Number of protein chains: 2
Amino acid sequence: MLQANADIDNSEALTERQKAVLDAVLRLLVEEGDQLTMTAVARRASCSKETLYKWFGDRDGLLTATVQWQASKVRVVPVDGKGLDLAWLTASLEGFASDWLKVISSDTSIALNRVAISHAGSGKDNLGAVVLENGRFALARRLKPVLEAGRHAGLLEFTDAETAFRSFFGLVARDVQIRLLLGDRLELTEATIGGDAVRATQQFLALYGAKTGRKASDS
Amino acid sequence: MLQANADIDNSEALTERQKAVLDAVLRLLVEEGDQLTMTAVARRASCSKETLYKWFGDRDGLLTATVQWQASKVRVVPVDGKGLDLAWLTASLEGFASDWLKVISSDTSIALNRVAISHAGSGKDNLGAVVLENGRFALARRLKPVLEAGRHAGLLEFTDAETAFRSFFGLVARDVQIRLLLGDRLELTEATIGGDAVRATQQFLALYGAKTGRKASDS
DNA sequence: GCCGAACCGTAACGTACGGTACGCTTCCAA
DNA sequence: TTGGAAGCGTACCGTACGTTACGGTTCGGC
């Protein structure tokens with residue numbers, strides 16, 4: 001199982017200059033993928049290679065720091081447990097779906113996932129674990145309380161929150177991420193994402209909504 | 001959009017020796033990921049590097065040939081349109097789900113997708129397009145006739161087969177592929193796959209099944 | 001038996017790139 | 001003013017690897 005903990009929010013320890021360097025790495029990663037060279041980073045960030053090695057150790061350290069830096073930036077706001085009625089639940093789910101689609105279709109996410117996947121192949125570091133931890137697992141951690149709240153309010157029915165979450169995940173993401181990672185041109189406009197979020201949410205409610213007050217189904 | 005056509009079944013043009021070489025590449029790819037070297041391939045396949053270059057042009061050509069060779073091997077049997085009742089439809093969908101889960105969780109698929117994704121980052125070749133074409137799009141081409149048949153028989157209700165397919169895809173795959181690609185240990189046993197296939201099928205039928213004769217729902 | 005094609009094994013070449021060393025400038029702080 | 005830390009730019013080193021070259025071997029055709 002992936003190691004989750006550790007290095008949660010070491011973004012504190014980064015100076016502004018270092019953050020700027022990592023942003024440069026991010027931009028470079030988006031532009032030309034994993035074959036970015038230390039020389040290119042140094043040139044783009046207007047710093048010396050020696051500084052890069054002093055700050056980040058080696059190339060993998062730089063990549064890891066970049067992934068974590070990006071992760072620390074997308075730390076989203078926790079959902080507010082206001083109403084706890086169906087409208088609130090629906091809005092929350094649609095919000096999660098929309099946010100997630102925006103994330104996985106962003107250039108940055110695609111680039112980062114690509115490099116993490118490449119590295120996962122040659123098990124050198126745990127870049128994949130970091131990405132997973134700050135992506136799919138972070139989403140689950142944030143969404144599950146909402147699902148539990150929905151169940152507690154009698155709006156949802158499920159026995160295992162993890163299973164319910166994974167169904168929601170599947171209904172939202174479908175084939176989007178793998179297609180984008182493999183280079184498929186798939187323009188997700190704001191409107192498309194909004195529509196998909198609504199559809200996914202409705203489908204999820206159809207599957208896991210409480211039978212009272214909503215046509216539901218299960219097996 | 002991805003170019004689909006061309007090189008459909010150039011596996012004819014491969015000699016047995018060449019196929020053996022590509023199988024060696026496949027094995028090597030599974031074992032040590034994308035950082036396989038031409039020297040390693042030559043050693044493993046007991047052939048000379050000169051031969052590799054004569055046959056496949058360069059490293060990318062070798063990789064492309066390998067991906068296509070693997071793709072030509074997994075050409076599955078078309079589903080037989082026998083009964084056209086609910087049992088047949090359910091069994092077909094479960095079969096598709098099970099097959100797909102087996103594919104995406106196989107070492108070979110993971111390794112191939114990883115290298116294709118890496119290459120998609122640095123848009124050198126169209127490895128990603130080849131993988132997509134023989135993976136997700138091939139699945140859609142095989143499944144859609146089943147969905148259409150189900151609709152024609154009054155068992156399914158949907159307006160767009162593509163949308164219905166993507167929902168099915170999402171319900172089946174969920175987070176499995178991205179987790180595996182990112183290096184998450186996720187053992188999919190035969191039993192797990194079978195259960196997931198049944199669950200995904202039931203959920204799909206709940207969403208897209210005709211309202212008559214089955215508890216259905218939609219928005 | 002002989003020739004050439006195909007191919008194996010290996011040595012060699014060139015380059016790209018990770019990592020290091022060093023000189024120079026800037027900028028505090030004593 | 002000066003010493004030193006931090007950092008920039010660049011030259012340099014070592015190595016890994018893609019690619020090429022070449023000698024030796026097998027084998028089918030004459």
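Helices here are DSSP runs of H or I with at least four residues, numbered from the N terminus. With that in hand, a word on the model itself. It is predicted, so to speak, by the book: local features need pLDDT of at least 70, side-chain atom pairs count only at pLDDT 80 or more, and totals for chains, interfaces and linings use all residues. Residues are numbered from 1 along each chain as its sequence is written, chains are lettered from A in the order in which they are written, and side-chain values use heavy atoms, leaving out hydrogens and water.

Let's start at a loop. Ser122(B) sits between helix 6 (107–121) and helix 7 (127–134) of chain B. Its relative accessible area is 18%, which makes Ser122(B) buried (under 20% relative accessible area, with a 1.4 Å probe and protein chains only). Beyond its neighbours within four places in sequence, Ser122(B) has Glu32(A) and Gln35(A) in contact, meaning heavy atoms within 4.5 Å.

That takes us across to the other copy. A turn of 180° with a shift of 0.0 Å along the axis lays chain B on chain A with an RMSD of 0.1 Å, superposing by least squares on C-alpha atoms of residues with pLDDT of at least 70 in both. The two copies are thus related as by a two-fold rotation axis. In chain B, the C-alpha of Gly170(B) is the one nearest that axis, at 2.1 Å. Of the interface residues of chain B, 98% are interface residues in chain A too, so the copies meet through the same surface.

Now for helix 4 (residues 59–73) of chain A. Its 15 residues reach 21 Å from first C-alpha to last, close to the expected 21 Å, which is 1.5 Å times one less than the number of residues. Eleven of the 15 residues are buried, among them Leu63(A), Val67(A) and Trp69(A). The cover over them includes helices 1, 2, 3, 6 and 7 of chain A.

Finally, the DNA. DNA strand C has 16 residues around it, with Met38(A), Lys49(A), Glu50(A), Tyr53(A) and Thr51(B) the closest; near means a heavy atom within 4 Å. Sugar and phosphate make up 56% of the strand's atoms within 4 Å of the protein. A polar side-chain atom of Tyr53(A) lies 3.3 Å from a phosphate oxygen, while Glu50(B) has a side-chain N or O atom 3.3 Å from a base nitrogen. Helix 3 of chain B gives the most to this surface, with four residues.

Notes. Helices (H or I, at least four residues) and strands (E, at least two) are DSSP runs, numbered from the N terminus. Buried means under 20% relative accessible area, exposed over 50%, partly exposed in between (1.4 Å probe, protein chains only). A polar contact is a pair of N or O atoms within 3.5 Å; within protein, one must be able to donate a hydrogen and the other to accept it, and residues adjacent in sequence count only if both atoms are side-chain atoms.
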